[in-house]
Amino acid sequence: MANVTVIGAQWGDEGKGKIVDWLSERADVVARFQGGHNAGHTLVVGEKVYKLSLLPSGIVRGTLSVIGNGVVLDPWHFRDEVAKLKGQGVEINPGNLQIAETCPLILPFHRDLDGLREDASGAGKIGTTRRGIGPAYEDKVGRRAIRVCDLAHLDDLDLQIDRLTAHHDALRAGFGEAPIDRVQLMADLTEIAAFILPFVKPVWLTLNKAKAAGQRILFEGAQGTLLDIDHGTYPFVTSSNTVAGTAASGTGLGPNAAGFVLGIVKAYTTRVGSGPFPTELDDATGQRLGERGHEFGTVTGRKRRCGWFDAVLVRQSVAVSGVTGIALTKLDVLDGFDTLKICVGYKIGDQTFDYLPAHAQDQAKAEPIYEDIEGWQDTTAGARSWAELPAQAIKYIRRIEELIGCPVTLVSTSPEREDTILVRDPFAD
């Protein structure tokens, strides 16, 4: 049985939570491999709605869940999220949840810096969640991060804190802020360590043993490919690599472990925050998509920008992540449109492109080239087989497959986990 890697193939918010939940019941391990608590995954299980931002989605099903080394971890948020889920009846303990020893910690001054930078950037704001994810990744790369394993060795942190304060105090001074309070920092770390340490394990070893035993591993990505620090719409991106290849480096498994790469794709396009969006609709149609799709961020509550399906961008995502098949979500939101549009290329000045150029100014000027396709009036909501879909909805799906060069693996027709049409079983490959 194959492992499965789930990634967003647009700008995030594609509905990964439901798909991971749907798959996790058949997985032995679910592993988060990048990002932080800026991710938002919503799971609807019966009458209950679970909103996760850091914990792997498998935890709701009781599947062994691990937070890999590629994740940056806010330990206080972790504690709060665990408490919230326990309050909803989810069993969470060190037997079903593990944190990699080498995860960098998001600390209070990371959140401070994130907000100070955004406030000072004016029109140049990136649109971060202000949760400290970017500054924490910077410290990781700068080799000054405090990591999860350091919580067991707090008496040995002086030199690392020297490196941190040498960097951050200068930045804080530039914003007119006081230096980091080292005494308070140590008190905060001491207070949270007892809660975190029971969950800490060599996750790479756990996963390699699971792989050797033939267990099925589900790798859960956060955000989307178009927010990748290298391959996304830079600088309006997240601070980590979101492509499928990160499943290996972000967990401690080799690249051959990724297995079937499932790209989650919304039947239209949305984006939260700043940055280029060629197919964005600032009209009644965009408003209709947003209202019908309940397009508000799980983490931030921010209204999502909405637009037509962009086959060019999804084709790029398929290429850079090596996507095996896609899961098409929120098809039901398109019910009732007389005509749908699909972006098949761009015009920038007097040139046409079948990909999105890398430079931000070119991206901002990109005008979509649309192909019209007839819509459908019957409902797709709750459909669980091809026979229940209108003929035009099937034609729309088939045209998307042709344009992105990748087959549809499953189709989601509502937030309910069972309202899913399975075309190909990712775990069977």
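**Exercise 1.** In this predicted model, find which exposed residues sit on the face of helix 7 turned away from its buried side.

*Solution.* Start with the cut-off: a residue counts as exposed when its relative accessible area is over 50%. On the face of helix 7 that points away from the buried side, Lys209 and Ala212 are the exposed residues.

**Exercise 2.** Now turn to the other side: name the buried residues of helix 7 and explain why they share a side.

*Solution.* Step one is to locate the helix, which covers residues 203-212. Step two is to pick out its buried residues: Val203, Thr206, Leu207 and Ala210. Step three is the geometry: these residues span an arc of only 90 degrees around the axis, so they lie on the same side of helix 7. A general rule helps here: an α-helix has 3.6 residues a turn, so residues three or four places apart point the same way.

**Exercise 3.** Which strands do the buried residues of helix 7 pack against, and which glycine follows the helix?

*Solution.* The packing partners are strand 2 (29-32), strand 5 (64-67), strand 6 (97-100), strand 7 (200-201) and strand 8 (217-220). After helix 7 comes glycine 214, with a positive phi near 80 degrees.

**Exercise 4.** Describe the second largest pocket and its lining.

*Solution.* Begin with its volume, about 620 Å³. Its lining has 26 residues, and Thr42, Gly293, Arg304, Lys330 and Pro415 are the closest to the centre. Next, sort the lining by class: 5 residues are nonpolar, 12 polar and 9 charged. Finally, trace the elements: helix 1 (16-24) and strand 3 (41-45) each give at least two lining residues, and helix 1 provides the largest share, 4 residues.

Technical notes:
Residues numbered from 1 in each chain as written. Predicted model: local features only at pLDDT ≥ 70, side-chain atom pairs only at ≥ 80, totals over all residues. Heavy atoms only, no water. 1 Å grid on protein atoms, 1.4 Å probe; cavity = no way out; pocket = protein on both sides within 12 Å on 5 of 7 lines; lining within 4 Å. Points joined across faces, edges and corners; volume = space filled by probe spheres on them. Nonpolar A, V, L, I, M, F, W, Y, C, P; charged D, E, K, R; others polar. Buried < 20%, exposed > 50% of the residue type's maximum accessible area, 1.4 Å probe, protein only. Arc of directions from axis to C-beta. Contact = heavy atoms within 4.5 Å.
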